[in-house]
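Me: Hello! I have a structure open here and would like to take a close look at a single part of it, then see how that part sits among its surroundings.

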Amino acid sequence: MDSVIDVLSWIFLSGGAAFLLIGAIGALRFPDFYTRLHAVSVCDTLGAGLVLVGLMLQGGLSLVTVKLLLMFYFLMFTGPTAVHALAQAAWQAKQQALVDDHGP
Amino acid sequence: MQYLIDIILLALLMTTGFAIVHMKSLLAVAMLTSIYSLLSAALFVVLDAVDVALTEAAIGAGISTILMLATVALTTDREKEPRHTPLLPLLVVIATGAALIYGTVDMPHYGDPSSPVHQHVASTYLQDAPAETGVPNVVTSVLASYRGYDTLGEVTVIFTAGIGVMALLGYRIHRRKMVREEMRHLIVLRVIAKLFFPLILLFALYVQFHGDYGPGGGFQAGVIFATGFILYALAFGLGNAQRVITHRLLQIMMAVGVLIFAGVGIESMLLGGHFLEYRVLAGDPVAGQHLGILLIELGVGITVAAVMLIIYYGFVSRRD
């Protein structure tokens, strides 16, 4: 049973790390501000969430898991809100999006 | 493994330091200093100094970033081009750095238990503190009890900083309840701010009163408390925040905190002890110590929260 939980937790941890890495690559490689923000926001929320779930499995039924659960709860709110605020600020500062001429 | 984490964190710290020197946009520099503080906080956690890490994260990464951004908003966000050659400063920096590195040669090895720092009073504190003060967190008992004079000095420094900012920046009362037009449709931000505001205050109280048992204490709690109100002011406008906590109230609280701290010291003198000798405060010495620590931490928290908010009000009220 312990080894099953261990394996599950490692799957979550490495999955989360992979998402964070992909998000970081996206932030460096994408062409304009909004696409970069998109890469970071989606991958960060998911990646951090997966890492926390992995850590919760490691923590077992203890106070640590409760604290991690609270962190998870807060991250689900603060991450998207921060990105929303950034995008809003960029929009108000007339940051141009890179638009394809043939697109909608 | 531990060394690997140390090396990665230190390398990131160095990279951030170089980036700060290199950047010309002051807005980016302010954000980078925040990242620098967060990395330092992580480093402190690795070094098992959780209390310091909490302080660094709350003050360095949190509130000082906001104050720096407020300063940038007041002044300019471009660095001025230097008018002289960087040769002389570079020489000074290299010479100082070389002298410092030369100085480390004589220092005891990293984590050496026989070094003077660990031999002087630290071992006594570590052994006797829980029994003498009844406080499980040794950091709190050292900070509040054994080194109470130093902490009183620190709180007075913060108090003086608050007075300095008030004297330099002055202060204008905000009568306007409305926020500026472009802030009004930030509904997501406002809902989240309203949702988190009570939780932040609750967490501040937890850090304040749980400081005896875990990491935390007056300094961290005061800053977190102030952060809650700053978040409120950011989302709902300074005028609304000031209807809850007025400038006048902050001025009083700022002094009340220091007075509580010093008052505990004088009270212990009146009861026949030395200044800040908490043993005499209650019938039982351990209970007295516990009570004294609780009271002075409360004083620290009140002063720190009030000063942080006064500095924030001072900076931002000049803007609009």
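Is B:L276 buried or exposed, judged by its C-beta neighbours inside 10 Å?

Reply: Happy to look at this with you. Please keep in mind that this is a predicted model, so everything below describes a prediction.

B:L276 counts as buried, because it has 22 C-beta neighbours inside 10 Å and the cut-off for a buried residue is 20 or more. The residue belongs to a loop, the one between helix 12 and helix 13 (285–317) of chain B. Its backbone deserves a look too: phi of B:L276 is near 60 degrees, a positive value in a residue other than glycine. As background, most residues other than glycine have a negative phi.

A good partner for comparison is B:D48, which also has a positive phi, about 70 degrees, although it is not a glycine. B:D48 is likewise a loop residue, placed between helix 2 and helix 3 of chain B. The surroundings, however, are another matter. B:D48 has 8 other C-beta atoms within 10 Å and is therefore exposed, since 12 or fewer is the cut-off for that class. B:L276, with its 22 neighbours, falls in the buried class. One more positive phi is worth adding: helix 6 of chain B is followed by B:G134, with a value near 70 degrees.

Now for the helix before the loop of B:L276. Helix 12 of chain B covers residues 247–270 and includes B:F261. B:F261 counts as buried because 26 C-beta neighbours lie inside 10 Å. Leaving aside residues up to four places away in sequence, B:F261 touches B:L152, B:V155, B:I296, B:G299 and B:V300. Helix 13 spans residues 285–317, and B:I296, B:G299 and B:V300 are among the contacts of B:F261. The C-alpha atom of B:F261 is also 7.2 Å from that of B:L295, which is 34 residues away along the chain.

That link fits a wider pattern in chain B. Among contacts with a separation of 6 or more, 71% join residues 24 or more positions apart. Chain B has 13 helices and zero strands, so its elements read as α from the N terminus onward. The C-alpha atoms fill a box of roughly 60 × 50 × 35 Å along the principal axes. Of the 320 residues in chain B, 32% are buried.

The helix before B:D48 makes a useful stop. Helix 2 of chain B (residues 26–46) has 21 residues and reaches 30 Å from first to last C-alpha, close to the 30 Å expected. Its buried residues are B:A30, B:L32, B:Y36, B:S37, B:L39 and B:A41. Helix 1 (2–22) and helix 3 (50–74) of chain B are included in what covers them. After helix 2 comes B:D48, with its positive phi.

Helix 6, the one followed by B:G134, can be treated in the same spirit. Its twelve residues should span 16 Å at 1.5 Å a residue, and the end C-alpha atoms are 15 Å apart, which agrees. As for packing, two packed helices are described by the angle between their axes and the distance between the axes. The axes of helix 6 (residues 122–133) and helix 7 (residues 138–146) of chain B come within 10 Å and cross at roughly 75 degrees. These two helices are therefore roughly perpendicular to each other. The residues of this contact divide into six nonpolar, three polar and no charged. On the helix 6 side are B:Y125, B:L126, B:A129 and B:T133, and they meet B:V138, B:S141, B:V142, B:S145 and B:Y146 of helix 7.

Chain B also has a partner. Six residues of chain A are in contact with five residues of chain B. On the chain A side, the touching residues comprise two nonpolar, four polar and no charged.

Finally, a word on confidence. The mean pLDDT of chain B is 86, with 95% of its residues at 70 or more. Within chain B, confidence is highest in helix 2, at 93, and lowest in helix 5 (residues 116–119), at a mean of 76. Chain A has a mean pLDDT of 87, and 94% of its residues reach 70 or more. The model as a whole scores ipTM 0.80 and pTM 0.85.

Conventions. Residues are numbered from 1 along each chain as its sequence is written. Chains are lettered from A and ligands numbered from 1 in the order in which they are written. This is a predicted model: local features need pLDDT of at least 70, side-chain atom pairs count only at pLDDT 80 or more; totals for chains, interfaces and linings use all residues. Two residues are in contact if their C-beta atoms, placed from the backbone, lie within 7 Å. Ala, Val, Leu, Ile, Met, Phe, Trp, Tyr, Cys and Pro count as nonpolar, Asp, Glu, Lys and Arg as charged, and the others, Gly among them, as polar. Helices (H or I, at least four residues) and strands (E, at least two) are DSSP runs, numbered from the N terminus. The expected span of a helix is 1.5 Å times one less than its number of residues. Axes are lines fitted to C-alpha atoms, for helices over the stretch in contact, and angles run from 0 to 180 degrees between N-to-C directions. Angles under 35 degrees count as roughly parallel, over 145 as roughly antiparallel, 65 to 115 as roughly perpendicular and the rest as oblique. pLDDT is the predictor's confidence in each residue, from 0 to 100.
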